[in-house]
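Visitor: Got a minute to walk me through this one? I'd like to get a feel for the fold before I go back to the bench.

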Amino acid sequence: MEDRIEQKFAIREAEVAEGLTRVEELTEIEYVPGFENRVGLFSKLESLEGKPVLARFSYGKDSPNMSAVFFDKSTESEVTGERNTREFLDSQGFTGPIIQVLGKFEGTDAQIEEVDLDTLKDKTKVVGNMVYTRDSQVTLMIKPADCPVAVIYCKDKFGNPLVAIDHSGADATNAGMTRQGLWYLQDELGVDLSKAIITVFPGVSQENYYISQEWKVGNEIKERANGIIERNWGPFITSKQTDDPTEKRYVDILSAFEMQAIQAGIRPENIQAIRRDTYVDAANRLVFSRRYSGEHEGAHPGGNLVAVQLKQAA
């Protein structure tokens, strides 16, 4: 894998840089008609023939909290969150059982898992960087707080459609998880990445997000085991200025995601990203941001919702 990465980087560096200029980035949310300021859509997926994917997300001043806690903890509860989530899914036409993706990062290998109805015999929540399904009866759902979340639509080597959720958190991005995940789809499932479509729900901007080699949680010192991997950020991380392991290095997670996707073989024209800042939008009560809420180190499950489902055959 290391040799493969280095070879591709050396050959395609200029090509990738040029490709980044051709990625479509939206600066405004496109809302579902009738659900303005409440439910957003990905227009690139909407424009596909036959609309093979149903994908929706919560956003806007009228968007109810999709977890238990939003801006006012005193008026929200676990029951409120469950009710709001169910109402969101029902109102947008999602059917069948739900599998929730928990976008956590563990280890150094991409956490990739395929889910279907059989998965529900054992669990309803899956921890993974990339979780995908070829089962049109299943709805995939994730509740991000500040991390870009990609919805990937493509077909395997047999022509079977699949949809994936790629949680592009800072730790996963630092380890190159997006690139690894896309290569998995190509190598193991025969996906033609040049035909894959990617749309991205926004996260926090570079001005409001940083990483460091070490950081403190309470009285405990945490350390980034594999260090800060510069090549997985490219130009989208501020330069190291000191030898202080707690030095804050600001990162543009969305741009790094786009870079890794193009490096893997995604055509820039097939990427559509929403470049909003969840931290800023949280201040304007349009969305939830863990960092804005001051719960960065807490166990809050996130307050936005992204859901996707393959269209069922007639």
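**A tour of the model**

Guide: Let's start at Tyr279, which is partly exposed, with a relative accessible area of 29%. Keep in mind that this is a predicted model.

Visitor: How many aromatic pairs are there in the whole structure?

Guide: The search finds six aromatic pairs. In one of them, Tyr279 and Tyr292 have ring centres 5.5 Å apart and planes at 85 degrees, so the pair is edge-to-face.

Visitor: Where do Tyr279 and Tyr292 lie?

Guide: Tyr279 is in helix H7 and Tyr292 in helix H8 (residues 290-293), so the pair ties together parts 13 residues apart in sequence. Tyr292 is partly exposed too, at 38% relative accessible area.

Visitor: And which residues do ring pairs link into a cluster?

Guide: Phe42, Phe57, Tyr59 and Phe201.

Visitor: Back to Tyr279. What lies 2.9 Å from its backbone nitrogen?

Guide: A polar atom of the Asp277 side chain. Asp277 is in the loop between strand S16 (271-274) and helix H7 (278-283).

Visitor: Is Asp277 buried or exposed?

Guide: Asp277 counts as buried because its relative accessibility is 11%, and the cut-off for buried is under 20%.

Visitor: What is Asp277 in contact with, leaving aside its neighbours within four places in sequence?

Guide: Gly203, Val204, Ser205 and Asn208. With Asn208 there's a side-chain to side-chain polar contact at 2.7 Å. Gly203 is 74 residues away from Asp277 in sequence, yet their C-alpha atoms are 5.8 Å apart.

Visitor: OK, zooming out. How many helices and strands does the chain have?

Guide: Eight helices and 17 strands. The chain has 314 residues, and 52% of them count as buried. Of the contacts with a separation of 6 or more, 68% are between residues 24 or more positions apart.

Visitor: In what order do the seven strands of the open sheet come?

Guide: S1-S16-S11-S9-S10-S7-S5, with mixed pairing. Strand S1 (24-26) and strand S5 (112-114) stand at the edges with a single partner strand each, so each has one side without a neighbour in the sheet. From one strand to the next, the twist averages 15 degrees.

Visitor: Which helices pack on that sheet?

Guide: Helix H5 (residues 177-189) does, touching S5, strand S7 (130-133), S9, strand S10 (161-167) and S11. The direction of H5 makes about 35 degrees with that of S7. Helix H6 (residues 253-264) also packs on the sheet, touching S1, S9, S10, S11 and S16. The direction of H6 makes about 170 degrees with that of S16.

Visitor: How does S9 pair with S11 and S10?

Guide: Strand S9 (residues 149-155) runs antiparallel to strand S11 (residues 197-201), joined by five bridges. One residue to look at there is Val149, whose bridge partner in S11 is Phe201. That's the Phe201 of the ring cluster. S9 and S10 also run antiparallel, with seven bridges, and Cys154 has Leu162 as its bridge partner in S10.

Visitor: What's between S9 and S10?

Guide: Five residues separate the strands of that hairpin, and Gly159 takes a positive phi near 85 degrees.

Visitor: Why call S10 largely enclosed by the rest of the structure?

Guide: Because six of the seven residues of S10 are buried. S10 also runs antiparallel to S7, with four bridges between them. In that pairing, Met130 has Asp166 as its partner in S10.

Visitor: You mentioned Cys154. How many disulfides turn up in the whole structure?

Guide: Zero. Cys154 is buried, at 3% relative accessible area, and Cys147 is buried as well, at 14%.

Visitor: Last thing. What's the strand order in the six-strand open sheet?

Guide: S2-S3-S17-S8-S4-S6, and the pairing is mixed. Strand S2 (39-41) and strand S6 (125-127) are at the edges with a single partner strand each, so one side of each has no neighbour in the sheet. The twist here averages 25 degrees from one strand to the next.

Visitor: How many bridges join S3 to S17?

Guide: Five, between strand S3 (residues 53-58) and strand S17 (residues 306-310), which run antiparallel. To find your way there, look for Leu54, which stands opposite Gln309 in S17.

Technical notes
Residues are numbered from 1 along each chain as its sequence is written. This is a predicted model: local features need pLDDT of at least 70, side-chain atom pairs count only at pLDDT 80 or more; totals for chains, interfaces and linings use all residues. Side-chain values use heavy atoms; hydrogens and water are left out. Helices (H or I, at least four residues) and strands (E, at least two) are DSSP runs, numbered from the N terminus. Buried means under 20% relative accessible area, exposed over 50%, partly exposed in between (1.4 Å probe, protein chains only). Contact means heavy atoms within 4.5 Å. A polar contact is a pair of N or O atoms within 3.5 Å; within protein, one must be able to donate a hydrogen and the other to accept it, and residues adjacent in sequence count only if both atoms are side-chain atoms. Two strands pair if DSSP finds at least two bridges between them. Axes are lines fitted to C-alpha atoms, for helices over the stretch in contact, and angles run from 0 to 180 degrees between N-to-C directions. A disulfide is a pair of cysteine sulfur atoms within 2.5 Å. Rings of Phe, Tyr and Trp (its six-membered ring) pair if their centres lie within 6.5 Å; planes under 30 degrees apart count as stacked, over 60 as edge-to-face and the rest as tilted.
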